[in-house]
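Trainee: Please pick one part of this model and take me through it closely. I would like to follow how the pieces around it connect.

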Amino acid sequence: MKRRTFLKSAAAAGAAAMLPSSVLSLASGCTSENTPGWNFDEVLDRTGTWSIKYRRAEGGKLAMWIADMDFKTDPVVSQALRERLEKDVFGYTYGPDAFFEAIAGWEKAQHGFDVPIEWVEYAPGVIASLCQIYLTFTEPGDKVVVQTPVYDPFFDYARRLGRIAVENPLLWKDGRYEMDFEGLDRLYDKRVKVLVLCNPHNPVGIIWPEETLSRLARWCAEHDILVVSDEIHADLSLYGRQHIPFCSVDETAARIGIQLCSPTKAFNFPGITGSAYAIIPDPVKRRRFHETLDNAKLREASIPTLVATIAAYTHEPVWLEAVKRYIEGNIACVEDFFSRHACGIRPVRPEASFLIWLDCRALELPQAELMDLFNEKAGVVMNNGAGYGTGGEGFVRLNVGCPRSVVEEALRRIEAALQQ
Ligand SMILES: Cc1ncc(COP(=O)(O)O)c(C=O)c1O
């Protein structure tokens with residue numbers, strides 16, 4: 001089975017046709033405009049919402065770290081939740097067919113991936129599910145490969161669970177990240193049981209090309225390694241790029257892969273925890289995953305998860321297309337700023353999502369001083385690149401899922417701190 005021809009261009013064209021002209025005309029660069037139905041320029045007051053992000057924004061600092069966006073969610077999600085709340089009934093609830101059908105429909109329309117409903121399992125959050133996969137498919141002392149710099153819970157939880165996390169750092173070639181296949185050959189031994197793929201890759205923002213994914217699938221199949229593909233950022237592909245689900249690449253990938261996906265990043269409801277799903281084409285792996293969750297009593301999705309997921313995945317993605325255009329505008333703003341500055345900081349343009357990987361190596365600062373410059377002197381709280389493993393030193397991760405005015409203020413503060 002070769003990868004199916006994508007329907008995406010048709011889906012995207014359909015979605016674009018539904019966009020208000022004000023959204024379509026939103027130019028990249030430091031301009032923005034309000035749109036009917038939502039206003040990404042609105043600065044939200046998150047006081048009293050128990051926001052984790054804003055716990056680190058004391059004293060007027062700007063919170064531009066953890067990966068949630070400072071936008072209201074898609075109105076269709078809020079409306080569906082409101083209507084469900086109106087029923088005032090919150091008894092024990094099963095996952096209806098509509099949940100699985102919504103996911104299959106979404107995968108087909110957005111990513112051109114024909115997913116039979118029986119391949120889809122509810123998953124109690126991406127990282128919670130990854131932990132259950134570690135517990136099910138590996139033994140203590142087994143090795144899990146991660147390709148750093150990468151979302152740190154991949155290796156952090158492997159270690160907490162007594163597994164050995166082995167790093168295969170990405171290569172930086174001609175201003176682009178690549179996977180290091182020779183590195184994989186070098187690190188391989190019989191204890192390597194799992195490779196965690198980040199697709200698209202947080203924090204470097206890559207949408208992995210099909211050739212890379214199929215080569216990775218071949219290599220892992222040859223070595224009998226399970227690939228867990230974290231696809232939580234998949235619905236936020238930018239600049240018209242096409243995300244490629246790992247298990248859709250070919251038969252080999254489908255046989256050895258487990259995809260962990262979620263609507264929470266794209267539709268900005270990560271506080272509705274436990275909103276995720278797994279796509280597992282191989283029946284044996286699927287049964288093992290299912291049994292593990294069943295035995296740990298982790299297979300019950302909450303009412304908000306079911307309602308929000310179905311709403312997000314069954315409406316035309318008009319809001320989603322608009323938020324992606326807005327994020328592209330924010331990225332352009334950051335790129336424009338650093339292109340005009342002699343400081344040498346270079347943003348790595350993300351192909352997906354709202355996180356910019358800022359290459360600050362030219363500043364030649366020790367990492368602690370770099371973080372002090374941004375977080376304390378500038379008062380712009382970002383993630384420390386070094387926290388993402390080997391290759392992250394000299395970098396910081398900036399979250400631009402926020403109103404344009406906040407991005408502009410952050411850049412002003414960074415400029416002032418750099419001049420000090
Ligand atoms: C790559 C990646 N995976 C997983 C998560 C978290 O997923 P969950 O909240 O479902 O555990 C994040 C959140 O930032 C992420 O960036």
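**Strand β8 and its surroundings**

Mentor: Valine 196 has valine 228 of strand β8 opposite it. Here strands (E, at least two residues) and helices (H or I, at least four residues) are DSSP runs, numbered from the N terminus. The model is a predicted one, in which local features need pLDDT of at least 70 and side-chain atom pairs count only at pLDDT 80 or more, while totals for chains, interfaces and linings use all residues. Residue numbers start from 1 along each chain as its sequence is written.

Strands β7 and β8 are parallel and share five bridges; two strands pair if DSSP finds at least two bridges between them. From β7 the chain passes through helix α8 (residues 210-222) to β8, and this β-α-β crossover is right-handed. That term means that, with the strands pointing away from the viewer, the path from the first strand over the helix to the second runs clockwise.

How much of β8 is buried? Four of the five residues of β8 (residues 226-230) are buried, so the strand is largely enclosed by the rest of the structure. A residue counts as buried if 20 or more other C-beta atoms lie within 10 Å of its own, as exposed if 12 or fewer do, and as partly exposed in between, with C-beta atoms placed from the backbone.

Strand β9 (residues 257-261) is also a parallel partner of β8, over four bridges. Within that pair, leucine 260 of β9 is opposite aspartate 230. The chain gets from β8 to β9 through helix α9 (residues 251-256), again as a right-handed β-α-β crossover.

Following the chain past β9 leads to asparagine 268, in the loop between β9 and β10 (276-279). Its phi is near 60°, a positive value in a residue other than glycine. Most residues other than glycine have a negative phi, and most peptide bonds are trans. Asparagine 268 is classed as buried because 23 other C-beta atoms lie within 10 Å. Aspartate 174 likewise has a positive phi, of about 50°, and is not a glycine. This aspartate sits in the loop between β5 (171-173) and β6 (176-178). Aspartate 174 counts as exposed because it has 5 C-beta neighbours inside 10 Å.

Now back to β7 (residues 192-198), which pairs in the parallel sense with β3 over four bridges. Valine 194 in β7 is the residue opposite valine 144. Strand β3 (residues 143-146) is covered on both faces: Lys143 and Val145 on one side are buried, as are Val144 and Val146 on the other. Strand β4 (residues 164-167) runs parallel to β3, and four bridges join the two. In β4, valine 166 is opposite valine 145. Together with helix α6 (residues 153-160), β3 and β4 form a right-handed β-α-β unit.

Two loops in this region hold cis peptide bonds. One joins threonine 148 to proline 149, with omega about -5°; proline 149 is in the loop between β3 and α6. The other joins asparagine 199 to proline 200, with omega about 0°; proline 200 is in the loop between β7 and α8.

Val227 and Val228 also appear in a list for the core. They are, with Met64, Leu260, Val380 and Val400, the residues that touch the most other members of the largest nonpolar core, which has 120 residues. Helix α12 (residues 318-339) supplies the largest share, 10 residues. At least three residues of this core come from each of domain 1 (8-76 + 317-419) and domain 2 (90-314). A nonpolar core is a set of buried Ala, Val, Leu, Ile, Met, Phe, Trp, Tyr and Cys residues joined through C-beta atoms within 7 Å; the domain bounds come from an automatic or database domain assignment.

Last, the ligand. Among the 13 residues around it, Ala67, Gly125, Val126, Ile127 and Tyr151 come nearest, where near means a C-beta atom, placed from the backbone, within 6 Å. The shell consists of eight nonpolar, four polar and one charged residue. Nonpolar covers Ala, Val, Leu, Ile, Met, Phe, Trp, Tyr, Cys and Pro; charged covers Asp, Glu, Lys and Arg; the others, Gly among them, count as polar.
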